[in-house]
Amino acid sequence: MTTQDLNPPSRRRRRRGTAAPYIFLTPGVLLYVCFLLVPIVYSIYLSFQGLRLVSGGAFGHRQSTFIGLENYATALTDAEFLGGFRRLAIYGIIAVPLTLGLALLFALLLDLGSARAKRFSRTAIFIPYAVPGVVASLMWGFMYLPATSPFSYITAKLGWGTIPFLQNPEIFGSVANIAIWSGVGFNMIILYTSLRGIPAYILDSARIDGANEWQIATRIKIPLVAPALVLTGLFSLIGCLQLYGEPTTLAPMTSTITQTWVPLMTIYRDAFTLDDLPLAAASSVVLALGTLVVSVILLRLTQKRAFGED
């Protein structure tokens, strides 16, 4: 009697079924480890290294040595790096509330029973999200330049002069406008999907009790989609902390945006202009930890109300 005869067919099928999930997960796990986990670990290791000149003189060369927390101390005392966070905060105060507010407004309007052309409206609002960030920044950049701006042309014809879109303090609104234009559609889809999941009998009961659409929206719909609102808020906050493409694309068009306008631009300068990868790695770790802390605080502040915890 062979070993195959000792194992019933049902047991062999059960073993193959148990292994199947791991076989399908293997490519994803390998990609995660190779392109996310390994770079994170290497960045943390690199942040504790420093480039020091060995042998001196004309024939000296730089060598990587362990220097402990020196790079972190440098990053946390760098006025340009910290100044980027201040500008990022101003940008976030403009971009995040407006993005979420407009997304919620559009989702509520599309959820109305009397709304018309819903499919066209959803597509029109979502299309800007499909436009690559660099393309969107270039497009808006040309609309900001006085020589090519249709807005400045109209105001000049009215005798109001040109609008200084790319100067302080207007530059914050100009950069935020690109993110708002691109991000409203994505957040709107999430909120609209959440609204469509509200049971119809709850809304019908409210209407029978005499509630109007405004009362239904503020007292029923918004509280019930609070978890989705928290999720979109978290996405918007993380996107705010990762701001890079828009100011980098607009930088050649104005002298207001410097190489260190936001933290990621400072990190890029340290890594590829100043060739100081350890300092850039330490700054990246600081930014990542800051993003994690802010995200956890946001979730802790909102989860009790959003998810009904005691």
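Start by selecting S182: at a relative accessible area of 14%, this serine is buried. What you have open is a predicted model, so keep that in mind as you click around. S182 sits in helix α8, which covers residues 170–196. Which residues touch S182, once neighbours within four places in sequence are set aside? Show P128, Y129 and A136, and you have them.

Now slide back to the loop between α7 (150–157) and α8, where you'll find P169. Select N168 along with P169 and look at the peptide bond joining them: it is cis, with omega at about -5°. That is worth a pause, because most peptide bonds are trans.

Zoom out for a moment. The chain has 310 residues, and 34% of them count as buried. Colour by secondary structure and you should find 14 helices and 2 strands. Switch on a surface and you are looking at about 18,700 Å² of accessible area, with 68% of that belonging to carbon and sulfur atoms. As for contacts with a separation of 6 or more, 62% are between residues 24 or more positions apart.

Next, the salt bridges. Side chains of opposite charge can pair when their charged atoms come close. How many salt bridges does the structure hold? There are 6.

Pick E80 and R269 to begin with; their closest N and O atoms are 2.6 Å apart. E80 belongs to helix α4 (residues 79–111) and R269 to helix α13 (residues 263–273), so this pair ties together parts 189 residues apart in sequence. Buried or exposed, what is R269? R269 is buried, with a relative accessible area of 13%, while E80 counts as partly exposed at 38%. Add D270 to the selection too: E80, R269 and D270 are linked in a network of salt bridges.

Then go to D111 and K221, whose side chains meet in a salt bridge at 2.8 Å, N to O. Here D111 is in helix α4 and K221 in helix α10 (residues 213–224), so the pair ties together parts that are 110 residues apart in sequence. Both D111 and K221 are buried.

For a salt bridge within one helix, select D204 and R207, with 3.6 Å from N to O. The two lie in helix α9 (residues 200–208), 3 residues apart, or about one turn of the helix. D204 is partly exposed at 40% relative accessible area, and R207 is partly exposed as well, at 36%.

Time for some backbone angles. Most residues other than glycine have a negative phi. Select A117, in the loop between α4 and α5 (118–130), and check its phi: it is positive, near 55°. A117 is partly exposed, with a relative accessible area of 48%. Jump from there to D275, in the loop between α13 and α14 (277–307). D275 isn't a glycine, yet its phi is positive too, at about 55°. D275 has a relative accessible area of 40%, so it counts as partly exposed.

Last stop, back on the surface. Select Y32, L36, L37, I40, V41 and I44 together: these residues form a nonpolar patch with about 520 Å² of accessible area between them. Click on I40, which is found in helix α2 (residues 9–47). How accessible is I40? It counts as partly exposed, at 44% relative accessibility.

Note on methods: Residues numbered from 1 in each chain as written. Predicted model: local features only at pLDDT ≥ 70, side-chain atom pairs only at ≥ 80, totals over all residues. Heavy atoms only, no water. Patch = residues over 30% accessible without salt bridge, like charges linked within 9 Å, V, L, I, M, F, W, Y side chains within 5 Å. Areas by Shrake-Rupley, 256 points an atom, 1.4 Å probe, with all protein chains shown as cover. Salt bridge = Lys/Arg side-chain N within 4 Å of Asp/Glu carboxyl O. Helix = DSSP H or I, 4+ residues; strand = E, 2+ residues; numbered from the N terminus. Buried < 20%, exposed > 50% of the residue type's maximum accessible area, 1.4 Å probe, protein only. Contact = heavy atoms within 4.5 Å.
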